[in-house]
Amino acid sequence: MKFPGSVLASVFLFVAETTAALYLSSTYRSGGDGMWQALTLLFSLLPCTLVQLTLLFVHRDFSRDRPLVLLLHLLQLGPLFRCFEVFCIYCQSGHIEEPYVSITKKRQMPKNGHSEEIEKEVGQAEGKLFTHRSAFSRASVIQAFLGSAPQLTLQLYISALQQDTTVGRSLCMFLSLLSIVYGALRCNILAIKIKYDEYDVKVKPLAYVCIFLWRSFEIATRVIVLVLFTSVLKAWVVLVILINFFSFFIYPWILFWCSGSPFPENIEKALSRVGTTIVLCFLTLLYAGINMFCWSAVQLKINNPDLISKSQNWYWLLVYYMLRFIENAFLLLMWYLYKTDIYMYVCAPLLILKLLIGYCTAVLFMLVFYQFFHPCKKLFSSSVSDSFQQWLKCVCCPCRRQKSSESIGKTDLRSPEDRDETPSSSKISSMPSQILTADESCSA
């Protein structure tokens, strides 16, 4: 049975970041910074509450008679209790013989064009561990993009204004960045497992390393760009955030309304129509929060029973990163034009160049992952390199056709008189002989 390392990592980040945020808020209170204290507590306690609700929802504890579990979640101790429960199940799994097992069928990755279907016996303990891993993966994504990302942006903004970074703030920012990167990594793995649910997916360690580097560069550069822009144009940053947020929040609903599909009723049997609407709104909220800082790796599709589009759309990925790069460059240009005296000793052009190169480095690691380390790359209809070559052909072919049409047009513009005036080869060859005979007569 696989060791539940992802559960341990999720609980560690949850406890460490919450503790660091509470300590940092106490220092703001002692320093008389009431606004910073309130915002720090908000971005710390809000994701804690959402994590508790997520764990209760996934395990369906609202409809079960477990008052002790509900009390522990109310006291914000639910993740610790769940982690203890996971390791109890893991330690007892090899000592107790299970009377009932279920059989699951998975297909292996294609080899030489053939894919075999394998059967695997799954016991009750392994099924419970799978549910716990799934719950903590979703909780990590929620904590990362609805709590850690705003927290990191806030603390970096405070450091830029005060031109100073304390040890507590540095620790909180480091843990927040680590939580966001881990949440983005779990989002990638969840997307792969949901898209290729019928296959036995195994992610290699190099794939984890590549995703970690890709997400680290992407998120770090994005947060720094937002903080720099906010520090000089505080009013306009609200407009930028609202445009980004509502674009991704409304887009799945627009696709759903245009498709004419009926309202989804199969999310959870115990939920009413109002509860289903609340869950779908929360999913679109999370989807918008993820895309605010990085690529979500999935496309939310409400009219799909799985709520996720399983097709691999390279062009949507290309459009996202091109628009995000243009937006980051524009925000950095505005910061450069309106920067204040607090950036007097900062080499602005060099900083802009580093941030743009950092974002391009993130894109490079992403391409390397999809080209070489994706666990299901054999199932792609077209690879990254093939799609890039097709895109280049689509861009270059109109240019070539335009050049060829221009050259044909130039030759057609020449008049017939100009063509008649051009001497033929026979006329040119007869001219030297006539000149020679004229010279000989003169000498005679």
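The chain contains 14 helices and two strands. The model is predicted. Of its 444 residues, 40% count as buried. The accessible surface comes to about 25,500 Å². Carbon and sulfur atoms account for 66% of that surface. Contacts were also sorted by separation along the sequence. Among those with a separation of 6 or more, 73% join residues 24 or more positions apart.

The UniProt record, an unreviewed entry, assigns the feature "transmembrane region" to residues 36-58, 166-185, 206-229, 235-258, 270-298, 318-338 and 350-373. Two of these spans were examined in the model. Residues 206-229 are 100% helix and 0% strand. The end C-alpha atoms of that span are 35 Å apart. Residues 350-373 are likewise 100% helix and 0% strand. Here the end C-alpha atoms lie 33 Å apart.

Aromatic rings were considered next. A pair of aromatic rings is described by the distance of the centres and the angle of the planes. The whole structure holds 19 aromatic pairs. One of them joins Tyr320 and Tyr321. Their ring centres are 5.3 Å apart, and the planes meet at 85°, an edge-to-face arrangement. Both Tyr320 and Tyr321 are buried. A second edge-to-face pair is formed by Phe369 and Tyr370, with 5.2 Å centre to centre and 70° between the planes. Phe369 has a relative accessibility of 1%, so this residue counts as buried. Tyr370 has a relative accessible area of 6% and is therefore buried as well.

Ring pairs also build a cluster. It links Phe248, Tyr287, Trp295, Tyr320, Tyr321, Phe325 and Tyr359. The pair Tyr320 and Tyr321 thus belongs to this cluster. Elsewhere, a charged residue sits over a ring. Arg215 lies over the face of Trp214, at 4.2 Å from the ring centre.

Ser231 was then followed through its surroundings. This serine lies in helix α7, which covers residues 205-232. The relative accessible area of Ser231 is 5%; the cut-off for buried is under 20%, so Ser231 is buried. Which residues are in contact with Ser231, leaving aside neighbours within four places in sequence? They are Tyr157, Trp335 and Tyr343. With Tyr343, the link is also polar: the side chains of Ser231 and Tyr343 make a polar contact at 2.6 Å.

Terms used
Residues are numbered from 1 along each chain as its sequence is written. This is a predicted model: local features need pLDDT of at least 70, side-chain atom pairs count only at pLDDT 80 or more; totals for chains, interfaces and linings use all residues. Side-chain values use heavy atoms; hydrogens and water are left out. Helices (H or I, at least four residues) and strands (E, at least two) are DSSP runs, numbered from the N terminus. Buried means under 20% relative accessible area, exposed over 50%, partly exposed in between (1.4 Å probe, protein chains only). Contact means heavy atoms within 4.5 Å. Accessible areas come from the Shrake-Rupley method with a 1.4 Å probe; for residues, only the protein chains shown count as cover. Rings of Phe, Tyr and Trp (its six-membered ring) pair if their centres lie within 6.5 Å; planes under 30 degrees apart count as stacked, over 60 as edge-to-face and the rest as tilted. A charge sits over a ring if NZ of Lys or CZ of Arg is within 6 Å of the ring centre and within 35 degrees of the ring normal. UniProt positions are given in the numbering used here, feature names are shortened, and annotations may be inferred rather than shown by experiment. A polar contact is a pair of N or O atoms within 3.5 Å; within protein, one must be able to donate a hydrogen and the other to accept it, and residues adjacent in sequence count only if both atoms are side-chain atoms.
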